[in-house]
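Here is a short tour of one protein model, written for someone who would like to find their way around it at the bench. Please keep the sequence and the 3D view at hand as you read.

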Amino acid sequence: ETEKTNSNNSLEQIKFTDKKIIYSKILKDFPALNHEISEYTSTEINDKLLDLAIQSGAFSRFKLDIKFEANAYKKLYTQWIINSVTKQSADMVLVYGDSKNPKGFITLVFKPTFAQIGLIAVDANEQHQGIGKALINAAAAYASQNNFTNLQVITQAINKDACLFYERCGFNKENEIHTHHYWNK
């Protein structure tokens, strides 16, 4: 009886549930690199890259869970892009357009058996122009050049546009991850 009550109390404390989808793509043939894409080689972030990183967090559980402070996701994504350009959490950052004012970017992490997209963003004013697809193709090309045959990306299920985008780019749903936030009163 006591265990049941404790269990029920714990369940009542779940305030937020997030579902992430892991997408995977087998790398075979891929188009030539778009001439607008280059590796971001600076170890400093600029304002535009920071803005894009924050835009990429629009569906983050750290933004959507109202129990987090309002800017928690901004702090997280700021640190994520800093760690990416300093190669602490990414092996490569690719940008679309001028590196000082990119229209989009993508980060790649080389895991032991696959390459993974960490962050991807296309400026809200530049979407639906093929930039995202060009970034995905570049990520696939660089992953292949580094002897990977599998490219993965994780996104929030609530971000329907991202899910459809990855599927149109040839990714297949591999798995789901459910995250529950428990908050003490």
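The report below starts with the whole fold, then visits a helix, a pocket and a few loops.

## The overall picture

Please bear in mind that this is a predicted model. The protein has 185 residues, and 43% of them count as buried. Its secondary structure consists of 6 helices and 7 strands. Reading from the N terminus, the order of the elements is α-β-β-α-α-α-β-β-β-α-β-α-β.

How much of the contact network links residues that are 24 or more positions apart? Among contacts with a separation of 6 or more, such pairs make up 72%. As for the outside, the protein exposes about 10700 Å², and carbon and sulfur atoms supply 48% of that area.

## Helix α4 and what comes after it

Helix α4 covers residues 72-85. With 14 residues at 1.5 Å a residue, α4 should span 20 Å, and its end C-alpha atoms are indeed 20 Å apart, so expectation and model agree. The buried residues of α4 are Ala72, Tyr73, Tyr77, Ile81, Asn83, Ser84 and Val85. A general point helps when looking at such a list: an α-helix has 3.6 residues a turn, so residues three or four places apart point the same way.

Asparagine 83 is a good residue to pick out in this helix. Is asparagine 83 buried or exposed? Its relative accessible area is 18%, and because buried means under 20%, asparagine 83 counts as buried. Setting aside residues up to four places away in sequence, asparagine 83 touches Gln88, Ser89 and Ala90.

Beyond the helix comes lysine 87, in the loop between α4 and β3. Lysine 87 has a positive phi, near 65°, and is a residue other than glycine. For background, most residues other than glycine have a negative phi. Lysine 87 is partly exposed, since its relative accessibility is 44%.

A second positive phi belongs to asparagine 147, at about 70°, and this residue is not a glycine either. Where is asparagine 147 found? Its place is the loop between α5 and β6. With a relative accessible area of 71%, asparagine 147 is exposed.

## The largest pocket

Now for the largest pocket, which holds about 1200 Å³ of space. It is lined by 42 residues, and those closest to its centre are Ile120, Thr155, Asn159, Ala162 and Tyr166. The elements giving two or more residues to this lining are α2 (47-56), α3 (61-64), α4, β5 (115-122), α5 (131-145), β6 (150-156) and α6 (160-168). Which element gives the largest share of the lining? That is β5, with 7 residues. By residue type, the lining divides into 21 nonpolar, 14 polar and 7 charged residues.

Threonine 155, one of the residues closest to the pocket centre, sits in strand β6. Threonine 155 is buried, as its relative accessible area is 5%. Beyond its neighbours within four places in sequence, threonine 155 is in contact with Lys19, Lys20, Ile21, Tyr23, Ala162, Cys163 and Tyr166. Of these contact partners, Ala162 and Tyr166 also appear among the residues closest to the pocket centre.

## Two buried loop residues

Leucine 27 lies in the loop between β1 (14-26) and β2 (37-39). At 11% relative accessibility, leucine 27 counts as buried. Which residues does leucine 27 touch, not counting those up to four places away in sequence? They are Ala140, Ala143, Ser144, Phe148, Thr149, Asn150 and Leu151. One of these partners, Ala143, lies 116 residues away along the chain, yet its C-alpha atom is separated from that of leucine 27 by 8.3 Å.

Glycine 97 occupies the loop between β3 (92-96) and β4 (104-110). Glycine 97 is buried too, with 17% relative accessibility.

The table sets out the two pairs of residues that involve these loop positions.

| Pair | Separation in sequence | C-alpha to C-alpha distance |
|---|---|---|
| Leucine 27 and alanine 143 | 116 residues | 8.3 Å |
| Glycine 97 and isoleucine 131 | 34 residues | 9.4 Å |

Conventions: Residues numbered from 1 in each chain as written. Predicted model: local features only at pLDDT ≥ 70, side-chain atom pairs only at ≥ 80, totals over all residues. Heavy atoms only, no water. Helix = DSSP H or I, 4+ residues; strand = E, 2+ residues; numbered from the N terminus. Buried < 20%, exposed > 50% of the residue type's maximum accessible area, 1.4 Å probe, protein only. Contact = heavy atoms within 4.5 Å. Areas by Shrake-Rupley, 256 points an atom, 1.4 Å probe, with all protein chains shown as cover. Expected span 1.5 Å × (residues − 1). 1 Å grid on protein atoms, 1.4 Å probe; cavity = no way out; pocket = protein on both sides within 12 Å on 5 of 7 lines; lining within 4 Å. Points joined across faces, edges and corners; volume = space filled by probe spheres on them. Nonpolar A, V, L, I, M, F, W, Y, C, P; charged D, E, K, R; others polar.
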